[in-house]
Amino acid sequence: MSRIIDDVSYPAVLLVGKTGAGKSTLGNLLLAQPYDNGPFQVSADMESVTQECGTAKISIDGVIYNIIDTPGIFDTQLVTDKILEEIAKTIKKCKYGIKAILFVLEAKRFSAEQRGVLEGIRNFFGEGATNYIIAIFSHATKAQIYDRDIMRKAWNKPVCSFIEDIENRWGISPNSDYFPPDDPTHQARLGEIKAFISSMRGVYTTEQLEESLQEQEEARRQKEEEEERKKQEHEEKLKEIARKEAEEAHKRKVEQMERERKAKQEYEENLRRKQQQEAEERHRQMVEKMKQEERERKIQEENLRRKEQQEAEERYRRKLEQMRQEQEREQELRRQREREWELRRQREREQELRRQREREQELRRQREREEELRKQREREENLRRERERQEQQRLQE
């Protein structure tokens with residue numbers, strides 16, 4: 001089992017990445033141990049097993065290094081600040097510096113989550129750490145492990161850009177289920193990773209981390225100051241809005257009082273005018289009534305004369321109406337006979353169409369029966385041929 005770090009006596013190789021990316025598995029494989037039974041504990045659970053940094057010794061080209069496994073960075077189940085604090089505490093114990101940072105990421109489409117992890121690592125370690133990062137693709141397919149070109153073709157634009165940023169330092173974590181530890185492909189992939197580690201120039205130092213942490217703290221402080229400034233500006237704006245609203249409310253109240261005063265004056269003036277108009281209206285109505293009575297008398301006389309004339313016209317109109325009704329009855333009888341004739345023709349057409357549809361249906365059913373009979377004969381013929389073929393085969397045997 002790996003041990004919790006108290007002191008790091010050799011240059012360190014740091015394993016970083018999100019939970020489940022395969023950091024502990026890669027560490028065990030580099031140590032030539034079973035991927036699931038080595039110094040670093042491996043679990044299939046989504047929650048991170050590695051809660052604290054652990055270390056083990058590894059020899060590459062005769063040089064001893066401390067390989068260090070770290071908790072999953074930006075794991076949703078853990079507090080990120082505590083994880084980064086644990087990693088920072090470990091790096092400060094690396095008095096011989098960090099030889100390489102193995103960034104383990106799954107060999108799938110470079111997602112927003114993976115970009116977030118990468119940016120988090122860059123922000124945490126600082127831009128200077130880019131010179132020591134080696135990208136290691138885990139969970140690759142058998143073809144991708146066997147042929148690096150197949151892995152390279154699967155990259156999208158963000159992955160290509162990332163690999164260019166770290167000067168094309170990348171490798172593939174082998175899968176023991178595809179290629180056992182003694183397989184040349186397994187050894188070749190691990191050898192490529194070790195070669196990158198050996199070829200690193202210099203080390204990432206505690207001083208670089210301290211400088212990065214100070215920059216992060218300064219950026220955090222500036223962000224908090226900016227947020228506080230924006231908060232104060234927001235409060236000032238709220239106060240200004242409240243003051244303007246109070247002034248506007250007072251202005252509306254004064255305007256309302258003025259409108260009420262004017263409305264009262266208009267009401268009193270309208271009431272006086274209404275009373276004067278009512279008196280004038282009563283006098284006008286009285287004169288109008290007298291005129292109306294005279295008009296009604298004349299109208300009655302005129303109506304009596306018109307009534308006598310209308311009665312004579314009505315008698316003549318009734319006679320004409322009677323003649324018209326008799327003509328309409330005759331026309332209605334004629335239309336009724338036409339409708340009956342048309343209805344009979346319609347029924348005959350419908351019967352003919354129904355008989356035609358029945359004939360078509362009968363023809364269709366007859367064709368279907370003939371088709372079914374033909375298919376049955378084909379099946380029988382195929383069955384006969386199959387029996388003959390089997391019989392010939394049996395005779396040949």
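Is Tyr-316 buried or exposed? With a relative accessibility of 55%, Tyr-316 counts as exposed, because the cut-off for that class is over 50%. The structure is a predicted model. This briefing covers helices α7 and α8, a nonpolar surface patch, two separations between residues, and two residues with positive phi.

**Helix α8 and its surface patch**

- Tyr-316 belongs to helix α8, which comprises residues 206–396.
- Together with Leu-320 and Met-323, Tyr-316 makes a nonpolar surface patch of about 330 Å².
- At 1.5 Å a residue, a straight helix of 191 residues would span 285 Å, yet the end C-alpha atoms of α8 span only 87 Å.
- The buried residues of α8 are Thr-206, Leu-209, Ser-212 and Gln-216.
- Glu-371 is also located in helix α8, and it counts as partly exposed because its relative accessibility is 31%.
- Between the C-alpha atoms of Glu-371 and Trp-341 there is a separation of 45 Å, with these positions 30 residues apart along the chain.

**Helix α7**

- Helix α7 covers residues 184–199; its 16 residues should span 22 Å at 1.5 Å a residue, and the 22 Å between its end C-alpha atoms agrees with this expectation.
- Buried positions in α7 are Thr-185, His-186, Arg-189, Leu-190, Ile-193, Phe-196 and Ile-197.
- Viewed down the axis of α7, these buried residues fall within an arc of 140°, and therefore they line one face of the helix.
- The N-terminal end of α7 is capped by Asp-183, which has a side-chain oxygen 2.8 Å from the backbone nitrogen of Thr-185.

**Helix α2**

- Leu-84 is part of helix α2, formed by residues 80–92.
- Leu-84 counts as buried because its relative accessibility is 14%, and the class requires a value under 20%.
- The C-alpha atoms of Leu-84 and Glu-311 are 115 Å from each other, and the two residues are 227 residues apart along the chain.

**Loop residues with positive phi**

- Most residues other than glycine have a negative phi.
- Ala-32, although not a glycine, has a positive phi of about 60°.
- Ala-32 lies in the loop that connects α1 (23–30) and β3 (54–60), and its relative accessible area of 67% makes it exposed.
- His-139 also has a positive phi, with a value near 55°.
- The loop between β6 (133–138) and α4 (142–146) contains His-139, which is partly exposed at a relative accessible area of 49%.

Terms used: Residues are numbered from 1 along each chain as its sequence is written. This is a predicted model: local features need pLDDT of at least 70, side-chain atom pairs count only at pLDDT 80 or more; totals for chains, interfaces and linings use all residues. Side-chain values use heavy atoms; hydrogens and water are left out. Patches are made of residues with over 30% relative accessible area and no salt bridge: like charges are joined within 9 Å, nonpolar side chains (Val, Leu, Ile, Met, Phe, Trp, Tyr) within 5 Å. Accessible areas come from the Shrake-Rupley method with a 1.4 Å probe; for residues, only the protein chains shown count as cover. A salt bridge is a side-chain nitrogen of Lys or Arg within 4 Å of a carboxyl oxygen of Asp or Glu. Helices (H or I, at least four residues) and strands (E, at least two) are DSSP runs, numbered from the N terminus. Buried means under 20% relative accessible area, exposed over 50%, partly exposed in between (1.4 Å probe, protein chains only). The expected span of a helix is 1.5 Å times one less than its number of residues. The arc is that of the directions from the helix axis to the C-beta atoms. A polar contact is a pair of N or O atoms within 3.5 Å; within protein, one must be able to donate a hydrogen and the other to accept it, and residues adjacent in sequence count only if both atoms are side-chain atoms.
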